[in-house]
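Trainee: Please walk me through the rings and the core in this model. I would like short answers.

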Amino acid sequence: MSISQFKYSTIPDEAEALRREVRAFLAEALKGYPAVKRAYSWMGFDAQFSRLLGSRGWLGMALPKQYGGGEASPFARYVIIEELLAAGAPVSAHWIADRQSAPLILRFGTEAQREKYLPPICRGESYFCIGMSEPNSGSDLASIKSNAKKTDAGWLLNGQKVWTTNAQHSHYMIALVRTGDKEESGRHGGMSQFIIDLSLPGVTIRPIADLSGNEHFNEVFFDNVQLDNDALIGAEGNGWGQVTAELAFERSGPERFLSSIALIHTAIAAIGKQPDALQARDIGRITARLVTLRNMSLAVTQQLSEGQNPAWAASCVKDLGNVFEQDLPEILQLLVEDQPQVGGGSDHAQVLAYLTQMAPSFSLRGGTREILRGIIARGLGLR
């Protein structure tokens with residue numbers, strides 16, 4: 001591995017041409033949308049908005065047309081995602097399904113699974129969550145204890161997942177669980193992925209409130225949940241390899257450096273067209289970091305479009321993106337006189353308050369900083 005993985009990539013003209021249409025749509029659809037709600041970014045839930053995007057063909061864009069997709073390039077999808085995030089559109093309902101569940105099902109699923117799950121994802125009608133993290137496992141995903149035992153009727157699932165984003169709003173979870181003996185198969189063997197209907201008996205979902213009072217995260221409990229044979233996705237025992245492929249989609253997109261973009265917008269609006277020397281310098285530095293991260297993300301998009309598994313490069317994007325996102329509230333608080341204020345004050349004060357509370361979680365979701373840096377070190381041959 002080397003830094004050459006980040007080969008400079010540009011968005012093709014035919015994909016770039018979508019940008020004007022998307023901006024015009026968002027200007028109308030989000031007219032009067034409050035700045036603090038725009039700060040929710042890809043955590044803002046609005047099922048009606050997701051269905052509206054689906055009706056325009058802006059979900060499942062890169063999927064085959066036979067499953068409801070548009071067979072567009074990954075760069076066309078990138079343009080759509082970038083504009084949605086920059087505008088602070090409420091995309092949380094369909095986000096995980098469109099970003100990683102659909103590509104996973106397309107790559108590893110059976111034809112019956114593709115026909116069942118992909119079309120409603122493309123319509124913005126079917127929502128997925130990810131079942132990876134577990135209590136007492138920390139960042140060690142290989143130590144999970146949830147398990148599925150083979151039965152005459154299919155599989156019997158027991159265990160618990162935690163920090164599961166949007167589980168309370170989702171129809172399905174794609175979960176990583178043990179189906180083999182850890183002692184026999186090793187730490188990274190004996191794991192499989194299942195598509196779990198969250199309405200099944202034995203599934204219990206409990207929301208977890210965060211510092212801002214919102215409930216994005218959840219605990220999910222499985223108590224003797226009976227799964228059909230067709231709930232297994234991919235090959236039994238191949239769960240670890242499938243998950244690492246899935247995480248490349250999760251860790252490399254523009255959401256990994258645009259989660260705090262609303263704060264940049266409100267800060268620039270508050271500063272106005274005549275910044276002082278400190279304000280001009282720091283806004284310039286922020287812009288330079290943002291452009292660099294965007295170029296890195298586009299390079300990973302190029303690799304994904306070529307069928308590669310750029311786990312190392314994706315981890316770099318997420319780690320550096322998280323550092324950037326977490327730096328912004330502190331930097332921008334020093335540039336504008338407004339202090340953080342919950343439930344009142346200027347747009348900037350409200351957005352600053354929300355993102356100051358949320359920023360600590362940015363380096364947890366999708367893989368902690370320690371795990372990412374371990375992957376990066378391995379990719380560089382340092383461990």
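Trainee: Which ring does the charged end of K150 sit over?

Mentor: This is a predicted model, where local features need pLDDT of at least 70, side-chain atom pairs count only at pLDDT 80 or more, and totals for chains, interfaces and linings use all residues. Residues are numbered from 1 along each chain as its sequence is written, and side-chain values use heavy atoms, leaving out hydrogens and water. A charge sits over a ring if NZ of Lys or CZ of Arg is within 6 Å of the ring centre and within 35 degrees of the ring normal. The charged end of K150 is 5.2 Å from the centre of its ring, that of W155.

Trainee: Is the pair of F25 and W58 stacked, tilted or edge-to-face?

Mentor: Rings of Phe, Tyr and Trp (its six-membered ring) pair if their centres lie within 6.5 Å; planes under 30 degrees apart count as stacked, over 60 as edge-to-face and the rest as tilted. The centres of F25 and W58 are 5.3 Å apart. Their planes stand at 85°, so the pair is edge-to-face.

Trainee: Are F25 and W58 buried or exposed?

Mentor: Buried means under 20% relative accessible area, exposed over 50%, partly exposed in between (1.4 Å probe, protein chains only). Both F25 and W58 are buried.

Trainee: Which residues form one aromatic cluster with F25?

Mentor: F25 also pairs with F49: their centres are 6.1 Å apart and their planes at 35°, so that pair is tilted. The cluster joins F25 with F49 and W58.
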